[in-house]
Amino acid sequence: MPDMKQATDHLQPIDLPCQIGLYYPGRQGRVGVQDTPENPIIRAERLRLRRWLSTNIDIQWNKHVKSINHNDQGVQVFFQDGSSAKGDILVGADGINSVVREQLLQTPSSALLKTVPLAAIIGEVTLHGDAFKRQLELGHSAYIYVAPDLGCWMFGGLHHALPDGVSGKHYWMLMKPDPTVADPNHWLQTATQQEKLDYALALVAKLPPKFREIYEATPASGIKQESHVWRDLELESLPAGRVVLLGDAAHAMTPFRGEGGYNALIDSMKLAKILAGVDGSDIDAIKKAVEEYNKEMLERGVEAVRASRGEQSAQKTKSANAKVMSAGQEARVLPEREIVLTARG
Ligand SMILES: Cc1cc2nc3c(=O)[nH]c(=O)nc-3n(C[C@H](O)[C@H](O)[C@H](O)COP(=O)(O)OP(=O)(O)OC[C@H]3O[C@@H](n4cnc5c(N)ncnc54)[C@H](O)[C@@H]3O)c2cc1C
């Protein structure tokens, strides 16, 4: 495999460490986490990560799982295009709305996923030169600003830097507690991009200019059209057999601690290790291995789901000295520094 960090780094070609800035009430200045040799953080750009994960794998695209059949003798998967495949083990890594999970548990996703009572408006914008530099200064990779006085909190993130070295694609999420967010008549279900942008601009109007800038730079066309409802998933147990779940299929969580993809990677490494050497025809050995995997994976997953759900609401009540976590690390004071960008030819 190519080096993961180099191949997936969202800041490439800019030579800055991954850094997440946290601006929380009651704290002077900024705390945050930063990639260091002692405490490494890899912040991967999604497409680059997918390319890296595909190394030496002959992927068959557009195979949409429709249904599965499984028993102690084997497992068979049926795809939407009419084809099917047989095997010893099926790993359902098909995300929050997992069909494999629905089939395994014989329960629809709607009965298992919990709505997170948080309304969100999401925007995307490409920034150049000084505007780009100012976003990097708030947090090279991302930043969170919690504004309890305005009843909202915001996430600003760099999707990826552009090859010219002086521009980057950014995204932001502006969030407000809202128990009615999943209501089919909620205003965000039908609001236009311009209406959502106007609402966001009115909400952030009282913020210091440096935190308003990204909203003011976003055109209406950069606002996500569909309304977004956060959902998460806590499973108590899973049957141990030839069908296994990992990642969001097993423990979907809100992204507020940046742990969903991280836990999906841990799941896949633990599962690979546990299954290596197990005879595919020995159902007792498979059940024992999968039971061991499920136990650890669900305990770790549920803990991350709960911590992620509680993260932003906890910030409002946390004392100024309370421990703050991000990307698996404890936040520390991060002095703000001016960044100098160099254009590449
Ligand atoms: C805005 C946002 C920010 C995030 N930030 C972070 C972060 O900073 N750090 C972090 O660790 N995590 C983060 N996450 C979470 C992370 O993206 C997920 O936890 C991770 O992608 C889960 O991986 P997965 O492989 O389980 O599922 P997914 O990435 O959802 O992949 C599932 C795949 O299965 C495919 N699929 C679905 N149904 C079928 C079917 N029936 N048949 C065949 N294929 C199917 C889908 O097309 C998809 O390719 C974030 C999530 C969001 C939404």
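Val65 stands opposite Phe79, a residue of strand β4. This pairing belongs to a predicted model, so please read every value here as computed from that prediction. Val65 is also a good starting point for a tour, since the residue turns up again beside the ligand, among the five residues that come nearest to it.

**Strand β4 and its two neighbours**

- Let's begin with strand β4, which covers residues 74–79 and is mostly covered, with five of its six residues buried.
- On one side, β4 pairs with strand β3, residues 65–71. The two strands run antiparallel and are joined by six bridges.
- The link between β3 and β4 is a hairpin that passes through two residues.
- β4 also pairs with strand β5, residues 84–87. Here four bridges join the strands, and again the direction is antiparallel.
- One of the residues to look for in β4 is Gln76, whose bridge partner in β5 is Lys86.
- A hairpin connects β4 and β5 as well, this time with four residues between them. In that turn, Gly82 has a positive phi of about 95 degrees.

**Around the ligand**

- The ligand has 18 residues around it, and those that come nearest are Val65, Asp248, Gly260, Gly261 and Tyr262.
- By residue type, this shell divides into six nonpolar, six polar and six charged residues.
- Helix α10, residues 260–275, gives the most to the shell, with three residues.
- Asp248 reaches the ligand with its side chain: one of its N or O atoms there is 2.8 Å from a ligand oxygen atom.
- For Arg46, a side-chain N or O atom is 3.0 Å from an oxygen atom of the ligand.
- Tyr262 uses its backbone instead, where an N or O atom lies 2.9 Å from a ligand oxygen atom.
- On its own, the ligand has 1000 Å² of accessible area, and the protein covers 64% of that.

**A look at Asp282**

- To find Asp282, go to the loop between α10 and α11, the latter being residues 283–317.
- Is Asp282 buried, partly exposed or exposed? Asp282 counts as partly exposed because its relative accessibility is 34%, and that class lies between the cut-offs of 20% and 50%.
- How far apart are the C-alpha atoms of Asp282 and Ser67? They are separated by 24 Å, while the two residues are 215 residues apart along the chain.

Note on methods: Residues numbered from 1 in each chain as written. Predicted model: local features only at pLDDT ≥ 70, side-chain atom pairs only at ≥ 80, totals over all residues. Heavy atoms only, no water. Buried < 20%, exposed > 50% of the residue type's maximum accessible area, 1.4 Å probe, protein only. Pairing = 2+ DSSP bridges. Near = heavy atom within 4 Å. Polar contact = N/O pair within 3.5 Å; in protein donor to acceptor, adjacent residues only side chain to side chain. Areas by Shrake-Rupley, 256 points an atom, 1.4 Å probe, with all protein chains shown as cover. Nonpolar A, V, L, I, M, F, W, Y, C, P; charged D, E, K, R; others polar.
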